[in-house]
Structure formats: structure tokens, C-alpha cells
Amino acid sequence: MALVPYEETAGVGLQKFHKPLATFSFANHTIQIRQDWRQLGVAAVVWDAAVVLSTYLEMGAVELRGCSAVELGAGTGLVGIVAALLGAHVTITDRKVALEFLKSNVQANLPPHIQSKAVVKELTWGQNLGSYSPGEFDLILGADIIYLEETFADLLQTLEYLSSNRSVILLACRIRYERDNNFLAMLERPFTVVRKEGVQYHISTVFNFSPNQGAV
């Protein structure tokens, strides 16, 4: 599994999220994301981490063609859209209140022949996991979802539930506060964490850990 903290100065064309429309180019497609801070606040804007993670996917960090992926706390859905354009079958999730806004962006940015590869579905961390199968996904994605300390235990539970010893988790975040580091420490309990330097970002690679089989 991998964690991709990013530096604020990383030059990847990050967009201001107060604009009503944010335009990006990924996977040979122009993606236009509708934003509405007044409607849904943090769930209705493209955070810098989503651009970083989308860039990381486009760089070929993991093999996406044919894989089963899920995006947690998707907000506008940019990361899930990019993953689908790159060949993954993606379940793009958020809380119920954000689903219609999320669905509108997904439908507007995926060509008809790719629409079937992306499903928008409710997922509130730690609450409705029964509608998913344990270890269901090859790839778990999350952009700037590490920021509310009261959600950390539920997020960790969700990551453990959805992953198997063959899964890869990619999380992108800016480390803002000490509590963010506390969550990274929480990750080290069920998972083995290995850190390495990236060219543009500080990249930590986190391998799924099985007590019986060791790091995979």
C-alpha cells in the first residue's frame, strides 16, 4: 500500500478550488469538474491532493487496466474519474449527502463506453460496510481524507475491511497537524510502512501486512 504526502510547493498545476469549474487534463482527456463550495463545502471542491494522486496514477504507479478500485471520500470524484479513464473498474464513494453532486461530475466526464466502469455508491466509513464484500478491491484510493481526528478509527476500520493481502492502497494528503502524523502511526499497527523519497513528492510505500505471511 502507498501513502503519498505532498509538499505545498509541488508544481503539478494545482487549481484554486473556489472556481465554479476546474479543468484538468488526464489520460488524454479534458476533465471539467463542477465545484460548489457553498453547496457542500469540502465535498464539492477539488483539493490539491486529488490532483497529486491523479498525477501519480497517470505516471503508472499501479496497473489500473482491469483492476477493481474504490475511491473513499471522493468529493468531486476527480481521482475515480481518472482511474476509470486509465482502465480501472471503479466504485466512487462518499456520504449520502454528496452523492448526487458526485454522480453529476462522474457522468459528465466519462465517455459513454467507459460509463459502465464507474459506479457511484454510498459509503460512510465504519457504518455501512455490510454492503461491500471484505477484501473486495484490488486498489483503494483516497485524496485528502486524513483531516478529521474523530474519523480516524472508522477510516482505519474501513481500510482494513476493504483490503486483502493483495490490495494496494494509495492515499494522498498534506500533513498539516500532529494528528495527521498520529493517523500514520495508527496505520503502522495493521500495516507495514516503508518510506522512500519521490522526485516531486515525498512518497511512503505501505505494504499490506499479514502476521502469518509477512509483508506482501
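Helices (H or I, at least four residues) and strands (E, at least two) are DSSP runs, numbered from the N terminus. This is a predicted model, in which local features need pLDDT of at least 70, side-chain atom pairs count only at pLDDT 80 or more, and totals for chains, interfaces and linings use all residues. Residues are numbered from 1 along each chain as its sequence is written, and side-chain values use heavy atoms, with hydrogens and water left out.

**Exercise 1. The whole protein**

Task: State how many helices and strands the protein has, and what percentage of its residues count as buried.

Solution:
- Step 1. The protein has seven helices and 11 strands.
- Step 2. Buried means under 20% relative accessible area, exposed over 50%, and partly exposed in between (1.4 Å probe, protein chains only). Of the 216 residues, 51% count as buried.
- Step 3. Turn to the surface. Accessible areas come from the Shrake-Rupley method with a 1.4 Å probe; for residues, only the protein chains shown count as cover. The protein's accessible surface comes to about 10,300 Å², and 49% of it belongs to carbon and sulfur atoms.
- Step 4. Now contacts, meaning heavy atoms within 4.5 Å. Among contacts with a separation of 6 or more, 68% are between residues 24 or more positions apart.

**Exercise 2. A surface patch**

Task: Find Y147 in the chain, and name the residues of its nonpolar surface patch.

Solution:
- Step 1. Y147 sits in the loop between β7 (139-143) and α6 (152-162).
- Step 2. Y147 counts as partly exposed because its relative accessibility is 34%.
- Step 3. Patches are made of residues with over 30% relative accessible area and no salt bridge; like charges are joined within 9 Å, nonpolar side chains (Val, Leu, Ile, Met, Phe, Trp, Tyr) within 5 Å.
- Step 4. The patch consists of W37, V42, Y147 and L148, with about 330 Å² of accessible area together.

**Exercise 3. The sides of two helices**

Task: List the buried residues of α6 and α7, and explain why each set lies on the same side of its helix.

Solution:
- Step 1. In α6, the buried residues are F152, L155, L156, T158, L159 and L162. They lie on the same side of α6 because they cover an arc of only 160 degrees around the axis. The arc is that of the directions from the helix axis to the C-beta atoms.
- Step 2. In helix α7 (residues 178-187), the buried residues are D180, F183, L184, M186 and L187. Their arc is only 155 degrees, so they share the same side of α7.
- Step 3. Recall the general rule. An α-helix has 3.6 residues a turn, so residues three or four places apart point the same way.

**Exercise 4. Two partly exposed residues of α6**

Task: Say what Q157 and Y161 touch, leaving aside neighbours within four places in sequence.

Solution:
- Step 1. Q157 lies in helix α6. At 38% relative accessibility, Q157 is partly exposed.
- Step 2. Q157 is in contact with G126 and L129, with neighbours within four places left aside. From Q157 to L129 is 28 residues in sequence but 9.5 Å in space, C-alpha to C-alpha.
- Step 3. Y161 is in helix α6 too. Its relative accessibility is 24%, so Y161 counts as partly exposed.
- Step 4. Beyond neighbours within four places, the contacts of Y161 are L129, G130, Y132, S133, P134 and G135. The C-alpha atoms of Y161 and L129 are separated by 7.8 Å, and the two residues are 32 apart along the chain.

**Exercise 5. The cores**

Task: Name the residues that touch the most other members of the largest nonpolar core.

Solution:
- Step 1. A nonpolar core is a set of buried Ala, Val, Leu, Ile, Met, Phe, Trp, Tyr and Cys residues joined through side-chain atoms within 4.5 Å.
- Step 2. The largest core has 39 residues, and F24, I31, L53, L57, L78, L110 and L141 touch the most other members.
- Step 3. The largest share of this core, seven residues, comes from α3.
- Step 4. Another core lies apart from it, with 23 residues, including L129, Y132, L187 and F191.
- Step 5. Look at F24, in strand β2. F24 counts as buried because its relative accessibility is 5%.

**Exercise 6. A charged pair**

Task: Which side chains meet in a salt bridge?

Solution:
- Step 1. A salt bridge is a side-chain nitrogen of Lys or Arg within 4 Å of a carboxyl oxygen of Asp or Glu. The structure holds one.
- Step 2. D94 and R95 form the pair, at 4.0 Å, N to O.
- Step 3. D94 is buried, at 8% relative accessibility. R95 is partly exposed, at 42%.
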